Amino acid sequence: MNNNYLSGVSVAGATALLTVMLAAPAQAAVSDSDIANDAKTTGDVVTWGMGLQGQRYSPLKKINTENVKNMVPAWVFSYGGEKQRGQEAQPVVHDGRMFVTASYSRLYAIDAKTGEELWQYDHRLPDGILPCCDVVNRGAALYGDLVIFGTLDAQLVALNQDTGKVVWKEKIDDFKAGYSFTAAPIIVKGMVVTGVSGGEFGIVGRVEARDAKTGKMVWVRPTVEGHMGTKDGKENGVTGKVNATWPGDMWKTGGAAPWLGGAYDADTNLIFYGTGNPAPWNAHTRPGDNLYSTSTVAINPDTGKIVWHYQYTPNDGWDYDGVNELVSFDSGGKKLAGHADRNGFFYVLDRTNGKLVNAFPFVKQIDWAKGIDLKTGRPMETGVRAGDPTKSADGKKGETIFVAPSFLGGKNWMPMAYSPDTNLFYVPANEWGMDLWNEPVTYKKGAAYLGAGFTIKPLNEDYIGALRAIDPNSGKIVWEYKNNAPLWGGVMTTGGGLVFTGTPEGYLKAFDAKTGKELWKFQTGSGVVGCPITWEMDGEQYVAVPSGWGGAVPLWGGDVAKKVKYLNQGGSLWVFKLPAS
Ligand code: CA
Ligand code: CA
């Protein structure tokens, strides 16, 4: 641009230009410091996790234990169309606009004050996509003037926040091989960081970082040992050591998909991603620990290398995955992190080095291990593993076992919250088990690669879900709220002493963070399996949550799916506030 671009423009002309600019102010761009400070700034929510550490805690207290009972809807937005199914997203909100993703790879920009749609992006999905567990999407990332999200056909799409026009689009991988994408990306140091889905199809898991402005790849870090990483297009070292914990060629289709969103801890400069099951599910085909499956991997964003890892379920034979979030928190002067695993144990790690600090059950029945050895960090297995089909009479089906938790987990993807006020984690847990057996299986591109069969069953007549307040130091359950259907929505806690979460029965509920007393509920018309957020706008506090029943439970839940078959689908976004005083 010419330095003298205003020379020759009359005063009247300059005034006219200024008037135009005031009439249509450019929306503020989302900066690196907006992202770094997200957890503390109450006027926006610009990251997955309501802050990159993923605590899902807002200091806002205008809505609190005293007045939450008065909370009413401000507006509701319908996703429209015939496409419903699971609405698992966490919305983001910035400068008066909300961005929320929906099932079937859709994204909406909405006026946060009025609920009016600004624009809608419907990703054109090809035939033959292979999402394992419903057509969900968990959210978008904001950076500069871009809103970035991933799609079921394994693409990453960056849209202009003002117009919804595509600015860049990158193919993550071949959807025909089973790759897909459902997580919310995170932004770290100007890079958009993502994983991949597809562990049920024998894909190879990896975490990737791209320049958020352009989509250009910066580094790739595979999460299965033996695979080469890259940085700036050059080789950047193999992950682990070939065949150290995998037999033969099994690592070449080893799964370990980091399919859920990650976190970033600036204190240690580490990105945390959880990884899924080793493939196939039949563990007899792959003796060994099968690194780095069912683990948290801590990656240095500057080098693209794994700094430490902690494996929750070595040689996973139950599809326990290990993808659940690792949430940073500080206690007793220590930099710690909490993780509630599908396998039923809650882990406290030293987040500087991945060493185990504490581990305890957070569900009532765990059959596969009697505890975690705090010295070695390894589970003390009971031997409850499905039998080897090659040892059966006809070679077709191994011995069936019953084991709890089921593979849908003591806790699944739905993120927990941590309150620095109460020093408690709020964990959306489920009590269920499964019949499980193994079958022979060989890898075939684009085909399910399980080698297992299963039926999920409830453990109790009266409840499956249990929101539990957990003390990470003592391992004590301080309070619990039991829910008939399995809990499948995210949790949020606030400075107002509240805990929010949704139920498949359609309610968004608010609880007292200290006592667990239910203080407020609202029926949204369909199951709530999304993630609530809260922010402040024009002096008022707002709470938003998507509504729309779906996800893995209706598809894979066996006897539990039958039990909750009456639940209706939907697709809307609800926003609440206190009535005008
Ligand atoms: Ca914020
Ligand atoms: Ca899995």
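Q: How many helices and strands does the secondary structure of the chain come to?
A: Helices (H or I, at least four residues) and strands (E, at least two) are DSSP runs, numbered from the N terminus. Here the secondary structure comes to four helices and 40 strands. Before we go on, this is a predicted model, in which local features need pLDDT of at least 70 and side-chain atom pairs count only at pLDDT 80 or more, while totals for chains, interfaces and linings use all residues. Residues are numbered from 1 along each chain as its sequence is written, chains are lettered from A and ligands numbered from 1 in the order in which they are written, and side-chain values use heavy atoms, with hydrogens and water left out.

Q: What radius of gyration does the chain have, and what would a compact globule with 581 residues have?
A: The radius of gyration is taken over C-alpha atoms, and the globule rule is 2.2 Å times the number of residues to the power 0.38. For 581 residues a compact globule would have a value near 25 Å, and the chain has 23 Å, which agrees. Its C-alpha trace spans about 90 × 55 × 50 Å along the principal axes.

Q: Which percentage of the residues in the chain is buried?
A: Buried means under 20% relative accessible area, exposed over 50%, and partly exposed in between (1.4 Å probe, protein chains only). In this chain, buried residues make up 61% of the 581. As for surface, accessible areas come from the Shrake-Rupley method with a 1.4 Å probe, and for residues only the protein chains shown count as cover. The chain exposes about 21,200 Å², with carbon and sulfur atoms supplying 52% of it.

Q: What share of the contacts with a separation of 6 or more comes from residues 24 or more positions apart?
A: Contact means heavy atoms within 4.5 Å. Residues 24 or more positions apart account for 59% of the contacts with a separation of 6 or more.

Q: Which residues coordinate the calcium ion (ligand 1)?
A: Donors are N, O and S atoms within 2.8 Å of the metal (3.2 Å for Na, K and Ca); water is not among the atoms, so sites may look incomplete. For ligand 1, Asp38, Thr41 and Asp44 coordinate the calcium ion at 2.2 to 2.5 Å, each through its O atom and a side-chain oxygen: OD for Asp38 and Asp44, OG1 for Thr41. Along the chain, the donors follow the spacing D-x2-T-x2-D. Asp38 counts as buried at 3% relative accessibility, whereas Thr41, at 34%, counts as partly exposed.

Q: Why is the arrangement around the calcium ion (ligand 1) irregular?
A: Four donors count as tetrahedral if all angles lie between 85 and 135 degrees; four count as square planar and six as octahedral if opposite donors are over 155 degrees apart and all others between 65 and 115; anything else is irregular. Here the six donor atoms subtend angles of 71 to 162°, which makes the arrangement irregular.

Q: What are the protein donors of the calcium ion (ligand 2)?
A: They are Glu200 (OE), Asn277 (OD1), Asp319 (OD), and Asp321 (OD) listed twice, lying 2.3 to 3.0 Å from the ion. Their spacing is E-x76-N-x41-D-x1-D. Asn277, in the loop between β18 (270–274) and β19 (295–300), and Asp319, in the loop between β20 (305–311) and β21 (327–331), link distant parts of the chain, 42 residues apart. Both Asn277 and Asp319 are buried. Asp319 also has a phi near 50°, a positive value in a residue other than glycine.

Q: How many aromatic pairs does the structure hold?
A: A pair of aromatic rings is described by the distance of the centres and the angle of the planes. Rings of Phe, Tyr and Trp (its six-membered ring) pair if their centres lie within 6.5 Å; planes under 30 degrees apart count as stacked, over 60 as edge-to-face and the rest as tilted. The structure holds 33 such pairs. In one of them, the rings of Tyr418 and Phe425 have centres 4.7 Å apart and planes at 45°, so the pair is tilted. Tyr418 is buried, with a relative accessible area of 3%, and Phe425 is buried at 0%. Another pair, Phe522 and Phe576, is edge-to-face, at 5.1 Å centre to centre and 70° between the planes. Phe522 lies in strand β37 (residues 518–523) and Phe576 in strand β40 (residues 572–577), so this pair ties together parts that are 54 residues apart in sequence.

Q: Which residues does a cis peptide bond join, with omega about -5°?
A: That bond joins Ala404 and Pro405, and Pro405 is found in the loop between β27 (401–403) and β28 (417–419). A cis peptide bond also joins Leu291 and Tyr292, with omega about 0°.
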